[in-house]
Amino acid sequence: MARHAVAQRDDRSDEVPKRHVVDDGAVGTNAASASLHRAHVARSFGADLRSRRDKLVSISRPDHRDRSDSARGKTCPMTNRTWPTDWNERRAGRNCEMCATSTVSWFPWGTRYYEGDHADAYLMHQPVQPGMTVVMFRTRHVADPVDLSPEEVVGFWSDIRVITNAIEDVFRPCQMNYALFGNAIPHLHAHLIPRYPDDPAPGRPLPDASFEAARELSAPELSEQLQLLGDALAGRSLDRN
Ligand SMILES: [Zn+2]
């Protein structure tokens, strides 16, 4: 393309100073060469990666992350499969519990206190740490954050930022943990887990024992925390206005 463009310039040499054409042509040729080189490297590198990946897959198992229709429902060749056989269908959104409850404000495990453009926040009724929150991506079914569009990435994390600010205002943790698993329900959601200076595992994830020992909030405690979070969110929106 660049060479073609240079030839066109030469054809119109009466309209363009000669030196400009030569300089521009030289730059254009170099640029075209560099572009071709980069494309070649990218193709080679991509081919190399694909080759290495295919080799690994052939050794181990089919690519279960393949999102194409033809890949869904593949049978895993391993003899002791532990994941559900319909896992790929679930990842694709079939019978998704979170999609089916997108307008629900209360669950036995949590109460909604924030509705964002992309995500909603639920305060856990039996939090491993005070203020523990589940944030659900709500505009469509998505299994992983890597499946989000660039705009959705911004929207999802902007909502998480607003929610985190409110949690920090109310509960004053010394650290926040952001956990995205999707191992039980493969619909994008994040667990926001505040950490406190006296928690049992500084510098590490909380142990299973902490989850097992989690106490259910009393009705007054839940009501008060929801109120405080609501106030914090209202204060933040007022600040921004
Ligand atoms: Zn879903």
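Me: What distance should the 22 residues of α5 span, and how far apart are its end C-alpha atoms?
Reply: Happy to start there, bearing in mind that this is a predicted model. At 1.5 Å a residue, α5 should span 32 Å. The computed distance agrees with that, because the end C-alpha atoms of α5 are 31 Å apart.

Me: Where do the buried residues of α5 fall when seen down its axis?
Reply: The buried residues of α5 include F156, I160, I163 and I167. Seen down the axis, the buried residues fall within an arc of 160°, so they line one face of the helix. On the other side, P150, E151, V154 and R161 are exposed. The buried residues of α5 therefore sit on one face, within that arc of 160°.

Me: Which residue follows α5, and what is its phi?
Reply: Just past the helix, the phi is positive. Its value is near 55°, and the residue is R172.

Me: Which element gives the largest share of the largest nonpolar core?
Reply: That core has 27 residues, and those with the most contacts inside it are V135, I163 and L192. Elements giving two or more residues to it are β3, β4, α5, β6 and α7. The largest share is 7 residues, and it comes from α5.

Me: Which residues is I163 in contact with, leaving aside its neighbours within four places in sequence?
Reply: I163 is one of the buried residues of α5, and it is also among the core residues with the most contacts inside the core. Leaving aside neighbours within four places in sequence, its contacts are Y114, A121, T133, V135 and L192.

Me: In what order do the 6 strands form the open sheet?
Reply: Let's build it from the pairs. Strand β2 is joined to β3 by 5 bridges, β4 to β6 by 4 bridges, and β5 to β6 by 5 bridges. The pairing is antiparallel, and the order is β1-β2-β3-β4-β6-β5.

Me: Which strands stand at the edges of the sheet?
Reply: An edge strand here has a single partner strand, so one side of it is left without a neighbour in the sheet. The strands in that position are β1 and β5.

Me: How many of the 7 residues of β6 are buried?
Reply: In the sheet order, β6 comes between β4 and β5. On the β4 side, the bridge partner of V135 is A190, while N177 stands opposite I193 in β6. The strand is mostly covered, and its buried residues number 5.

Me: Is R112 buried, partly exposed or exposed?
Reply: R112 is found in strand β2. Its contacts, not counting residues up to four places away in sequence, are S105, W106, D120, A121 and Y122. Because 17 other C-beta atoms lie within 10 Å, below the 20 needed for a buried residue and above the 12 allowed for an exposed one, R112 is partly exposed.

Me: How far apart in space are R112 and V135, C-alpha to C-alpha?
Reply: In sequence, R112 and V135 are 23 residues apart. In space, C-alpha to C-alpha, the distance is 9.3 Å.

Me: What is the mean pLDDT of the protein?
Reply: A good thing to ask of a predicted model! Residues reaching 70 or more make up 65% of the protein, while over residues 1-29 the pLDDT is below 50. For the protein, the mean pLDDT is 81.

Methods
Residues are numbered from 1 along each chain as its sequence is written. This is a predicted model: local features need pLDDT of at least 70, side-chain atom pairs count only at pLDDT 80 or more; totals for chains, interfaces and linings use all residues. pLDDT is the predictor's confidence in each residue, from 0 to 100. Two residues are in contact if their C-beta atoms, placed from the backbone, lie within 7 Å. A nonpolar core is a set of buried Ala, Val, Leu, Ile, Met, Phe, Trp, Tyr and Cys residues joined through C-beta atoms within 7 Å. Two strands pair if DSSP finds at least two bridges between them. The expected span of a helix is 1.5 Å times one less than its number of residues. The arc is that of the directions from the helix axis to the C-beta atoms.
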